[in-house]
Amino acid sequence: MTALLADDRRADLIGSLWMITAMASFAIEDTFIKTAGASLPIAQILVIFGLGGSLVFAVVARLQGEPLFVPDVLSPPMRVRVVFEIAGRLFYTLAITLTPLSVATVVLQATPLVVVAGAALVFGETVGWRRWTAIFIGLLGVVVIVQPGAESFSPLTIFAILGMLGFAGRDLASRAAPRTISTTLLGLYGFLTMLVAGVVVGLWMGHPFVWPSLTVALAMLGAIIFGTTAYSCLMKAMRTGAVSAVTPFRYTRLLFGIALGLLIFQEALTLPMIVGSCLILFSGLFILWRGKRVSG
(Lines give C-alpha, C1' and ligand atoms only; values in the text may rest on other atoms or scores of the structure.)
Protein backbone atom coordinates (compact mmCIF):
# COMPACT_ATOMS: atom_id res chain seq x y z
CA MET A 1 0.00 0.00 0.00
CA THR A 2 2.82 2.38 0.91
CA ALA A 3 4.59 1.58 -2.35
CA LEU A 4 1.42 2.36 -4.34
CA LEU A 5 1.03 5.70 -2.58
CA ALA A 6 4.67 6.53 -3.30
CA ASP A 7 4.18 5.67 -6.96
CA ASP A 8 1.07 7.87 -7.13
CA ARG A 9 2.89 10.79 -5.53
CA ARG A 10 5.82 10.36 -7.90
CA ALA A 11 3.42 10.29 -10.87
CA ASP A 12 1.70 13.44 -9.58
CA LEU A 13 5.07 15.18 -9.17
CA ILE A 14 6.21 14.24 -12.68
CA GLY A 15 2.82 15.21 -14.13
CA SER A 16 3.01 18.58 -12.36
CA LEU A 17 6.48 19.21 -13.82
CA TRP A 18 5.16 18.37 -17.29
CA MET A 19 2.29 20.83 -16.73
CA ILE A 20 4.63 23.61 -15.61
CA THR A 21 6.83 22.97 -18.65
CA ALA A 22 3.75 23.12 -20.89
CA MET A 23 2.60 26.43 -19.42
CA ALA A 24 6.08 27.95 -19.72
CA SER A 25 6.24 26.80 -23.34
CA PHE A 26 2.83 28.30 -24.10
CA ALA A 27 3.96 31.63 -22.64
CA ILE A 28 7.16 31.57 -24.71
CA GLU A 29 5.09 30.69 -27.79
CA ASP A 30 2.91 33.75 -27.14
CA THR A 31 6.04 35.89 -26.79
CA PHE A 32 7.37 34.76 -30.17
CA ILE A 33 3.98 35.39 -31.82
CA LYS A 34 3.76 38.88 -30.33
CA THR A 35 7.28 39.59 -31.60
CA ALA A 36 6.39 38.40 -35.12
CA GLY A 37 3.11 40.33 -35.00
CA ALA A 38 4.99 43.62 -35.02
CA SER A 39 5.77 43.14 -38.74
CA LEU A 40 3.62 40.26 -40.04
CA PRO A 41 -0.13 40.38 -40.79
CA ILE A 42 -2.30 38.31 -38.45
CA ALA A 43 -3.41 36.08 -41.33
CA GLN A 44 0.18 35.26 -42.25
CA ILE A 45 1.02 34.40 -38.65
CA LEU A 46 -1.93 31.99 -38.51
CA VAL A 47 -0.95 30.38 -41.82
CA ILE A 48 2.71 29.87 -40.90
CA PHE A 49 1.95 28.72 -37.36
CA GLY A 50 -0.86 26.44 -38.49
CA LEU A 51 1.19 24.92 -41.31
CA GLY A 52 4.24 24.32 -39.13
CA GLY A 53 2.26 22.81 -36.26
CA SER A 54 0.18 20.55 -38.49
CA LEU A 55 3.30 19.23 -40.21
CA VAL A 56 4.85 18.40 -36.83
CA PHE A 57 1.77 16.52 -35.62
CA ALA A 58 1.34 14.77 -38.99
CA VAL A 59 4.89 13.42 -38.71
CA VAL A 60 4.29 12.34 -35.09
CA ALA A 61 1.04 10.59 -36.07
CA ARG A 62 2.73 8.67 -38.86
CA LEU A 63 5.64 7.68 -36.59
CA GLN A 64 3.08 6.31 -34.15
CA GLY A 65 1.38 4.40 -36.94
CA GLU A 66 -1.82 6.46 -36.75
CA PRO A 67 -3.86 7.31 -39.85
CA LEU A 68 -4.09 11.01 -40.63
CA PHE A 69 -7.84 10.77 -41.19
CA VAL A 70 -10.58 8.87 -39.41
CA PRO A 71 -14.29 9.22 -40.27
CA ASP A 72 -15.11 10.55 -36.80
CA VAL A 73 -13.17 13.71 -37.64
CA LEU A 74 -16.33 14.81 -39.49
CA SER A 75 -18.63 14.10 -36.52
CA PRO A 76 -20.86 16.95 -35.24
CA PRO A 77 -18.78 17.58 -32.08
CA MET A 78 -15.64 17.92 -34.20
CA ARG A 79 -17.36 20.36 -36.54
CA VAL A 80 -18.39 22.44 -33.55
CA ARG A 81 -14.85 22.19 -32.21
CA VAL A 82 -13.48 23.58 -35.47
CA VAL A 83 -15.70 26.67 -35.24
CA PHE A 84 -14.63 27.43 -31.68
CA GLU A 85 -11.00 26.61 -32.46
CA ILE A 86 -11.02 29.19 -35.26
CA ALA A 87 -12.58 31.80 -32.98
CA GLY A 88 -10.22 31.08 -30.12
CA ARG A 89 -7.05 31.06 -32.21
CA LEU A 90 -7.98 34.12 -34.27
CA PHE A 91 -9.08 36.38 -31.43
CA TYR A 92 -6.37 35.28 -29.01
CA THR A 93 -3.70 35.89 -31.65
CA LEU A 94 -5.19 39.34 -32.21
CA ALA A 95 -5.12 39.91 -28.46
CA ILE A 96 -1.47 38.87 -28.19
CA THR A 97 -0.35 41.13 -31.02
CA LEU A 98 -2.53 44.18 -30.26
CA THR A 99 -2.72 44.23 -26.45
CA PRO A 100 -0.24 43.66 -23.60
CA LEU A 101 0.82 40.02 -23.36
CA SER A 102 0.21 40.03 -19.61
CA VAL A 103 -3.42 41.14 -20.05
CA ALA A 104 -4.17 38.54 -22.72
CA THR A 105 -2.56 35.79 -20.63
CA VAL A 106 -4.46 36.64 -17.46
CA VAL A 107 -7.83 36.87 -19.23
CA LEU A 108 -7.17 33.48 -20.81
CA GLN A 109 -6.92 31.93 -17.33
CA ALA A 110 -10.69 32.42 -16.97
CA THR A 111 -11.21 29.66 -19.57
CA PRO A 112 -11.65 26.85 -16.97
CA LEU A 113 -14.34 28.91 -15.23
CA VAL A 114 -16.32 29.20 -18.45
CA VAL A 115 -15.78 25.49 -19.17
CA VAL A 116 -17.29 24.54 -15.80
CA ALA A 117 -20.26 26.83 -16.40
CA GLY A 118 -20.68 25.47 -19.94
CA ALA A 119 -20.49 21.87 -18.70
CA ALA A 120 -23.38 22.62 -16.35
CA LEU A 121 -25.46 24.36 -19.00
CA VAL A 122 -24.66 22.09 -21.98
CA PHE A 123 -23.95 18.67 -20.45
CA GLY A 124 -26.10 18.98 -17.34
CA GLU A 125 -23.20 18.48 -14.94
CA THR A 126 -23.97 19.33 -11.33
CA VAL A 127 -22.47 22.62 -10.20
CA GLY A 128 -23.46 23.82 -6.74
CA TRP A 129 -23.94 27.38 -5.57
CA ARG A 130 -20.40 27.56 -4.19
CA ARG A 131 -18.82 26.87 -7.56
CA TRP A 132 -21.29 29.17 -9.33
CA THR A 133 -20.25 31.91 -6.90
CA ALA A 134 -16.59 31.19 -7.65
CA ILE A 135 -17.32 31.40 -11.39
CA PHE A 136 -18.94 34.81 -11.03
CA ILE A 137 -16.08 36.05 -8.83
CA GLY A 138 -13.55 34.88 -11.42
CA LEU A 139 -15.45 36.58 -14.23
CA LEU A 140 -15.57 39.70 -12.05
CA GLY A 141 -11.79 39.48 -12.05
CA VAL A 142 -11.86 39.70 -15.86
CA VAL A 143 -14.02 42.82 -15.60
CA VAL A 144 -11.59 44.34 -13.10
CA ILE A 145 -8.70 43.77 -15.51
CA VAL A 146 -10.50 45.03 -18.62
CA GLN A 147 -12.05 48.02 -16.77
CA PRO A 148 -14.95 48.81 -19.11
CA GLY A 149 -16.03 52.44 -18.76
CA ALA A 150 -12.71 53.61 -17.35
CA GLU A 151 -10.44 56.06 -19.17
CA SER A 152 -7.80 53.36 -19.49
CA PHE A 153 -10.23 50.93 -21.16
CA SER A 154 -9.08 49.61 -24.53
CA PRO A 155 -11.69 48.06 -26.83
CA LEU A 156 -8.93 45.79 -28.14
CA THR A 157 -9.03 43.81 -24.88
CA ILE A 158 -12.34 42.41 -26.12
CA PHE A 159 -10.22 40.22 -28.41
CA ALA A 160 -8.77 38.48 -25.34
CA ILE A 161 -12.28 37.80 -23.98
CA LEU A 162 -13.50 36.47 -27.33
CA GLY A 163 -10.41 34.27 -27.60
CA MET A 164 -11.01 32.93 -24.10
CA LEU A 165 -14.65 32.12 -24.95
CA GLY A 166 -13.53 30.41 -28.16
CA PHE A 167 -11.07 28.18 -26.31
CA ALA A 168 -13.70 27.36 -23.68
CA GLY A 169 -16.10 26.28 -26.42
CA ARG A 170 -13.34 24.20 -28.02
CA ASP A 171 -12.62 22.44 -24.72
CA LEU A 172 -16.32 21.70 -24.21
CA ALA A 173 -16.61 20.31 -27.74
CA SER A 174 -13.50 18.20 -27.11
CA ARG A 175 -15.32 16.49 -24.24
CA ALA A 176 -17.95 15.30 -26.69
CA ALA A 177 -15.42 14.34 -29.40
CA PRO A 178 -15.33 10.62 -30.27
CA ARG A 179 -12.73 8.63 -28.34
CA THR A 180 -11.43 7.21 -31.61
CA ILE A 181 -9.68 10.52 -32.24
CA SER A 182 -6.32 10.56 -30.47
CA THR A 183 -4.79 13.60 -28.87
CA THR A 184 -2.21 13.67 -31.66
CA LEU A 185 -4.97 13.92 -34.27
CA LEU A 186 -6.70 16.59 -32.20
CA GLY A 187 -3.46 18.54 -32.29
CA LEU A 188 -3.09 17.97 -36.04
CA TYR A 189 -6.60 19.17 -36.86
CA GLY A 190 -6.33 22.03 -34.39
CA PHE A 191 -3.33 23.41 -36.27
CA LEU A 192 -4.95 22.68 -39.65
CA THR A 193 -7.92 24.72 -38.47
CA MET A 194 -5.56 27.58 -37.70
CA LEU A 195 -4.09 27.30 -41.21
CA VAL A 196 -7.54 27.48 -42.80
CA ALA A 197 -8.50 30.40 -40.56
CA GLY A 198 -5.39 32.27 -41.68
CA VAL A 199 -6.21 31.74 -45.35
CA VAL A 200 -9.81 32.90 -44.86
CA VAL A 201 -8.78 35.97 -42.86
CA GLY A 202 -6.10 36.81 -45.43
CA LEU A 203 -8.60 36.66 -48.30
CA TRP A 204 -11.19 38.65 -46.35
CA MET A 205 -8.85 41.42 -45.17
CA GLY A 206 -6.91 41.52 -48.42
CA HIS A 207 -3.58 42.12 -46.72
CA PRO A 208 -0.69 40.96 -48.92
CA PHE A 209 1.72 38.53 -47.36
CA VAL A 210 5.19 39.92 -46.69
CA TRP A 211 8.56 38.23 -46.79
CA PRO A 212 9.68 37.94 -43.16
CA SER A 213 13.09 39.06 -42.03
CA LEU A 214 15.45 36.54 -40.50
CA THR A 215 14.51 37.70 -37.00
CA VAL A 216 10.79 37.33 -37.67
CA ALA A 217 11.28 33.96 -39.38
CA LEU A 218 13.18 32.70 -36.33
CA ALA A 219 10.41 34.04 -34.08
CA MET A 220 7.81 32.06 -36.03
CA LEU A 221 10.02 28.97 -35.91
CA GLY A 222 10.32 29.42 -32.17
CA ALA A 223 6.53 29.77 -31.87
CA ILE A 224 6.02 26.50 -33.76
CA ILE A 225 8.63 24.63 -31.70
CA PHE A 226 7.36 25.85 -28.34
CA GLY A 227 3.70 25.60 -29.38
CA THR A 228 3.95 21.93 -30.33
CA THR A 229 6.18 21.24 -27.32
CA ALA A 230 3.61 22.85 -25.03
CA TYR A 231 0.79 20.74 -26.43
CA SER A 232 2.82 17.54 -26.09
CA CYS A 233 3.83 18.34 -22.51
CA LEU A 234 0.23 19.14 -21.66
CA MET A 235 -0.89 15.74 -22.92
CA LYS A 236 1.91 14.04 -20.97
CA ALA A 237 0.90 15.91 -17.82
CA MET A 238 -2.75 14.89 -18.07
CA ARG A 239 -1.78 11.25 -18.68
CA THR A 240 0.91 11.00 -16.00
CA GLY A 241 -0.56 12.35 -12.77
CA ALA A 242 -4.04 12.60 -11.30
CA VAL A 243 -6.06 15.34 -12.99
CA SER A 244 -6.87 16.96 -9.64
CA ALA A 245 -3.17 17.10 -8.74
CA VAL A 246 -1.87 18.30 -12.10
CA THR A 247 -4.54 20.75 -13.29
CA PRO A 248 -3.88 23.52 -10.70
CA PHE A 249 -0.45 24.02 -12.24
CA ARG A 250 -2.15 25.34 -15.37
CA TYR A 251 -2.24 28.66 -13.57
CA THR A 252 1.55 28.93 -13.68
CA ARG A 253 0.99 30.24 -17.21
CA LEU A 254 -0.33 33.39 -15.57
CA LEU A 255 3.00 33.91 -13.81
CA PHE A 256 5.06 33.15 -16.92
CA GLY A 257 2.93 35.43 -19.12
CA ILE A 258 3.12 38.37 -16.72
CA ALA A 259 6.86 37.90 -16.21
CA LEU A 260 7.61 37.79 -19.95
CA GLY A 261 5.37 40.81 -20.56
CA LEU A 262 7.22 42.81 -17.92
CA LEU A 263 10.73 41.70 -18.88
CA ILE A 264 10.55 41.64 -22.69
CA PHE A 265 7.83 44.13 -23.61
CA GLN A 266 8.21 46.49 -20.61
CA GLU A 267 4.52 46.19 -19.74
CA ALA A 268 3.17 47.75 -16.55
CA LEU A 269 1.79 45.70 -13.67
CA THR A 270 -1.20 47.73 -12.46
CA LEU A 271 -3.34 47.34 -9.35
CA PRO A 272 -6.42 46.22 -11.37
CA MET A 273 -4.23 43.58 -13.03
CA ILE A 274 -3.07 42.26 -9.64
CA VAL A 275 -6.57 42.27 -8.12
CA GLY A 276 -8.19 40.68 -11.19
CA SER A 277 -5.48 38.04 -11.43
CA CYS A 278 -5.98 37.09 -7.79
CA LEU A 279 -9.75 36.80 -8.24
CA ILE A 280 -9.34 34.55 -11.29
CA LEU A 281 -6.61 32.46 -9.65
CA PHE A 282 -8.40 31.85 -6.37
CA SER A 283 -11.72 31.18 -8.11
CA GLY A 284 -10.13 28.61 -10.41
CA LEU A 285 -8.32 26.86 -7.58
CA PHE A 286 -11.45 26.82 -5.44
CA ILE A 287 -13.45 25.24 -8.26
CA LEU A 288 -10.80 22.54 -8.67
CA TRP A 289 -10.73 21.88 -4.93
CA ARG A 290 -14.50 21.88 -4.65
CA GLY A 291 -14.91 19.60 -7.67
CA LYS A 292 -12.45 17.11 -6.19
CA ARG A 293 -14.25 17.19 -2.83
CA VAL A 294 -17.70 16.70 -4.37
CA SER A 295 -16.57 13.78 -6.56
CA GLY A 296 -14.47 12.24 -3.83
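**Helix packing and the nonpolar core**

V107 touches V142, I145, A160, I161 and M164, leaving aside residues up to four places away in sequence. The model described here is predicted. V107 is one of the buried residues of helix 4. The others in that list are L101, S102, V103, A104, T105, V106 and L108. In total, 8 of the 8 residues of helix 4 are buried, so this helix is largely enclosed by the rest of the structure.

V107 also belongs to the largest nonpolar core, which has 76 residues. Within this core, the residues with the most contacts are F49, V106, V107, I181, L185 and L234. Helix 9, residues 214-240, supplies the largest share of the core, with 11 residues.

Two packed helices are described by the angle between their axes and the distance between the axes. Helix 4 spans residues 101-108, and helix 11 spans residues 252-264. Their axes come within 8 Å and cross at roughly 170°. Angles over 145 degrees count as roughly antiparallel, so helix 4 is roughly antiparallel to helix 11. On the helix 4 side, the contact is made by L101, S102, T105, V106 and L108. On the helix 11 side, R253, L254, G257, I258, L260 and G261 take part. The residues of this contact divide into 6 nonpolar, 4 polar and 1 charged. V106 thus appears in two settings: in the contact with helix 11, and among the core residues with the most contacts.

A second helix pair shows another arrangement. Helix 2 covers residues 42-63, and helix 3 covers residues 76-98. The two axes come within 10 Å and cross at roughly 120°. That angle makes helix 2 oblique to helix 3. The crossing of helix 2 and helix 3 is right-handed. From helix 2, residues I42, I45, L46 and F49 meet R89, L90, T93, L94 and T97 in helix 3. The contact of helix 2 with helix 3 divides into 6 nonpolar, 2 polar and 1 charged residues. F49 is also one of the residues with the most contacts inside the largest nonpolar core.

Helix 9 also contains S232. Is S232 buried, exposed or partly exposed? S232 is partly exposed, because its relative accessible area is 34% and partly exposed residues fall between 20% and 50%. In sequence, S232 and M19 are 213 residues apart. In space, their C-alpha atoms are 9.9 Å apart.

Definitions and conventions. Residues are numbered from 1 along each chain as its sequence is written. This is a predicted model: local features need pLDDT of at least 70, side-chain atom pairs count only at pLDDT 80 or more; totals for chains, interfaces and linings use all residues. Side-chain values use heavy atoms; hydrogens and water are left out. Axes are lines fitted to C-alpha atoms, for helices over the stretch in contact, and angles run from 0 to 180 degrees between N-to-C directions. Helices (H or I, at least four residues) and strands (E, at least two) are DSSP runs, numbered from the N terminus. Angles under 35 degrees count as roughly parallel, over 145 as roughly antiparallel, 65 to 115 as roughly perpendicular and the rest as oblique. Contact means heavy atoms within 4.5 Å. Ala, Val, Leu, Ile, Met, Phe, Trp, Tyr, Cys and Pro count as nonpolar, Asp, Glu, Lys and Arg as charged, and the others, Gly among them, as polar. A nonpolar core is a set of buried Ala, Val, Leu, Ile, Met, Phe, Trp, Tyr and Cys residues joined through side-chain atoms within 4.5 Å. Buried means under 20% relative accessible area, exposed over 50%, partly exposed in between (1.4 Å probe, protein chains only). A crossing is left-handed if the near helix is turned anticlockwise from the far one by less than a right angle, and right-handed if clockwise.
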